Amino acid sequence: MMNSDSIFLLPSSNKPMAIPTKEEEEEEEPPISTTTLLSFDTDSSSPSTPPKHPLTTLIFTALILVTCLAVSAAFAFGFLFFSSSSRPSLSISDDVSVRPLKKLKRPVVLLVSSDGFRFGYQYKTDTPNINRLIKNGTEAELGLIPVFPTLTFPNHYAIVTGLYPAYHGIVNNYFLDPNTGEAFSMRSYDPKWWLGEPLWETVVNHGLKAATYFWPGSEVNKGGWTCPQSLCLMYNGSVPFEERVDTVLNYFDLPSDEIPSFMTLYFGDPDYQGHKVGPDDPQITEAITRVDGMIGRLIRGLEEREVFEDVNIIMVGDHGMVGTCDKKLIFLEDLAQWIEIPKDWIQSYSPLLSIRPPPSYSAKDVVTKMNRGLKSGKVKNGQYLKVYLKEELPARLHYSASDRIPPIIGLIDESFKVEQKSSKRKECGGSHGYDNAFFSMRSIFIAHGPQFARGRKVPSFENVQIYNLITTILNIQGASNNGTTSFPKTILLPGH
């Protein structure tokens with residue numbers, strides 16, 4: 001489980017094949033009679049008469065030279081063009097090693113989350129500030145891959161622990177402890193729920209300071225972390241984004257030794273709008289513009305303090321978003337011909353169907369009967385839901401090794417939803433939580449700072465890798481996790 005090889009790192013791009021070139025040496029040829037080169041000069045009646053076309057010879061020779069130069073230039077251009085286009089997706093950068101700090105005394109990481117920032121949103125509108133980070137930093141070229149389930153709490157906590165939900169304990173936004181019957185919600189702060197070691201705890205365990213401006217789990221007193229009032233705020237969604245940015249900026253006004261080495265900053269947009277209207281509504285564009293404005297506010301504040309180039313900013317999202325509408329519904333009541341699924345068996349309906357039947361029922365038998373009905377062709381949209389025993393889920397999901405995960409899990413196709421029974425309620429919005437293999441569930445990874453190359457693109461990777469990335473930047477030893485220890489070398493500049 002711990003320190004396992006990364007499952008989801010995309011394969012590196014193929015290296016370009018060297019195109020062999022050969023320089024041809026031109027030997028100087030002896031002078032050739034103009035009568036031989038120029039077919040129209042056929043007057044051979046006076047062989048003793050010298051050639052009378054020196055200007056023609058000069059022009060012809062010049063034409064040959066120009067043609068050779070043009071062909072050579074074309075070959076050179078073609079070599080450069082095709083060899084550069086076949087390289088891995090890493091943009092050219094002049095950076096060869098970590099850039100030295102100009103004002104700060106030690107490395108600082110600012111981890112920024114924009115909830116529900118689906119990969120591709122950055123192209124919906126002009127985002128000059130986010131694009132500035134991309135242009136002068138490192139970006140996951142095709143987005144950041146979330147863990148399954150692609151929900152807010154499981155993913156935010158995976159980012160800061162490097163653990164899959166089955167190991168960090170937050171297996172859903174809401175769930176029940178099967179041993180005690182207690183319910184977990186997004187307001188549960190008892191440390192018994194929160195397993196693993198989050199970054200703020202790792203940082204303070206090494207004698208450094210951490211500050212969190214909203215992040216799931218940061219309010220929990222755990223290990224050496226006590227959520228100090230001046231450096232840790234309890235979540236309050238009504239706090240203006242501007243106030244959040246300004247509070248983080250104020251940390252850089254502290255004496256050098258008191259500036260936190262690790263900070264978090266959280267924005268609830270564009271997830272809020274995505275649930276209401278889906279990913280393609282103009283409200284999403286407005287939300288992205290607003291988030292970009294906050295990044296601009298952050299950059300300006302750091303520049304005023306002369307630390308922008310010293311701070312390692314990592315901007316991420318926790319998941320993507322996909323549109324959902326009423327016609328894409330699956331009703332459990334339609335399975336009654338094969339098996340009754342009472343409402344009290346259900347722990348979550350969509351986009352992750354979780355079922356915990358009473359002990360008197362065989363989970364395997366329930367799965368068999370449900371799938372028989374779904375495949376029968378008699379259940380509306382039944383082909384878009386497949387039910388598993390959790391231990392038979394695809395291994396790539398890493399979603400079985402916890403008793404908090406119910407024994408029966410249903411994987412729902414993209415955009416579909418499961419409900420108990422049909423109703424006249426109308427709904428058309430957006431959702432997430434689906435299989436993390438869906439591209440619509442991807443988010444963003446954008447990093448800027450002295451430890452990241454400028455203008456570099458890297459292959460997509462799972463967000464459990466970020467924990468080791470940050471501990472490497474801070475030069476501290478992290479806790480055991482599901483990321484790979486070698487991963488940071490593929491992202492960071494040499495110099496660690």
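This is a short tour of the strands and helices in a predicted model, one selection at a time.

**Stop 1: the eight-stranded sheet.** Start by coloring the strands S6, S5, S7, S1, S8, S17, S2 and S18. Taken in that order, these eight strands make an open sheet with mixed pairing. Now pick out residues 232–233 and 456–458: these are S6 and S18, the edge strands, and each has a pairing partner on one side only.

**Stop 2: strand S7.** Select residues 262–267. How many of the six residues of S7 are buried? Six of six, so to speak a full house. Show the side chains and you'll find Phe262, Thr264 and Tyr266 on one side, with Met263, Leu265 and Phe267 on the other. In a regular strand, side chains alternate between the two faces of the sheet. Both faces of S7 are covered here.

**Stop 3: the neighbors of S7.** Keep S7 on screen and add S1, residues 108–114. S1 and S7 run parallel and are joined by six bridges. For a landmark, click on valine 109, which sits opposite phenylalanine 262 of S7. Next, bring in S5, residues 210–213. S5 is also parallel to S7, with four bridges between them. Which residue of S7 stands opposite alanine 210? It's phenylalanine 262, so go back to that residue and look both ways: valine 109 is opposite it in S1, and alanine 210 is opposite it in S5.

**Stop 4: two helices across the sheet.** Select H9, residues 282–304. H9 lies across S1, S7 and S8, and runs at about 175° to S8. Then switch to H3, residues 128–135. H3 lies across S2 (138–140), S8 (311–316), S17 (445–448) and S18, and its angle to S17 is about 70°. Strand S8 is on the list for H9 and on the list for H3, so it makes a handy reference when you flip between the two.

**Stop 5: strand S12 and its partners.** Move on to S12, residues 352–355. Leu352 and Ser354 point one way, Leu353 and Ile355 point the other way, and all are buried. Add S11, residues 346–348: a hairpin of three residues connects S11 to S12, and two bridges join these antiparallel strands. Click isoleucine 346 and you'll see that its bridge partner in S12 is isoleucine 355. Finally, show S14, residues 408–412. S14 runs antiparallel to S12, and four bridges hold the pairing. Where does isoleucine 355 face S14? Look opposite it for isoleucine 408.

Definitions and conventions:
Residues are numbered from 1 along each chain as its sequence is written. This is a predicted model: local features need pLDDT of at least 70, side-chain atom pairs count only at pLDDT 80 or more; totals for chains, interfaces and linings use all residues. Side-chain values use heavy atoms; hydrogens and water are left out. Two strands pair if DSSP finds at least two bridges between them. Contact means heavy atoms within 4.5 Å. Axes are lines fitted to C-alpha atoms, for helices over the stretch in contact, and angles run from 0 to 180 degrees between N-to-C directions. Buried means under 20% relative accessible area, exposed over 50%, partly exposed in between (1.4 Å probe, protein chains only).
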